[in-house]
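Biologist: Could you take me through one part of this model up close? I would like to hear how two of its helices meet and what sits around their contact.

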Amino acid sequence: GILKGGAPLKETLAASMLLLSRWTPDRPLYDPFCGSGTILLEAALMARNIAPGLRRRFAAEHCPLVCGEEVWRSAVEEAD
């Protein structure tokens, strides 16, 4: 992810929380328990219209049982 050393809150969970909250970039976002800033960083990515997980690496990328390499690459290109 973006944070080096790992965040106490996983990026995927932070992104999901933002989606569930129905937050939009035109509204203020307050995180009083900021800590490592994972929620705020994910909000910044959403505000810039950057797909969650776009710059991250996943174990599934290298597992042919999940999908073929071409399918994975195509999905990343579509999100980019």
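Modeller: Happy to; here is a walk through the place where helices α1 and α2 meet, keeping in mind that this is a predicted model. The axes of α1 and α2 come within 9 Å and cross at roughly 65°, which makes α1 roughly perpendicular to α2, as angles from 65 to 115 degrees count that way. Their crossing is right-handed. On the α1 side, the contact is made by E11, A14, A15, M17, L18 and L19, and α2 brings T38, I39, E42, A43 and M46 to meet them.

Now look at the nonpolar side of things. The largest nonpolar core has 7 residues, namely A14, A15, L18, W23, I39, A43 and M46. Helices α1 (11-21) and α2 (38-47) each supply at least two residues of this core. A43 is a good one to click on: leaving aside its neighbours within four places in sequence, A43 is in contact with L18, W23 and L29.

Two other residues of α2 are worth a visit. T38 lies in this helix and has 5% relative accessibility, so T38 counts as buried, the cut-off being under 20%. Its side chain also joins that of S36 through a polar contact of 3.2 Å. L41 has its place in helix α2 too, but with 30% relative accessibility it counts as partly exposed, because that value falls between the 20% and 50% limits. From C-alpha to C-alpha, L41 and E11 are 8.7 Å apart in space, with their positions 30 residues apart in sequence.

How values were computed. Residues are numbered from 1 along each chain as its sequence is written. This is a predicted model: local features need pLDDT of at least 70, side-chain atom pairs count only at pLDDT 80 or more; totals for chains, interfaces and linings use all residues. Side-chain values use heavy atoms; hydrogens and water are left out. A nonpolar core is a set of buried Ala, Val, Leu, Ile, Met, Phe, Trp, Tyr and Cys residues joined through side-chain atoms within 4.5 Å. Buried means under 20% relative accessible area, exposed over 50%, partly exposed in between (1.4 Å probe, protein chains only). Helices (H or I, at least four residues) and strands (E, at least two) are DSSP runs, numbered from the N terminus. Contact means heavy atoms within 4.5 Å. A polar contact is a pair of N or O atoms within 3.5 Å; within protein, one must be able to donate a hydrogen and the other to accept it, and residues adjacent in sequence count only if both atoms are side-chain atoms. Axes are lines fitted to C-alpha atoms, for helices over the stretch in contact, and angles run from 0 to 180 degrees between N-to-C directions. Angles under 35 degrees count as roughly parallel, over 145 as roughly antiparallel, 65 to 115 as roughly perpendicular and the rest as oblique. A crossing is left-handed if the near helix is turned anticlockwise from the far one by less than a right angle, and right-handed if clockwise.
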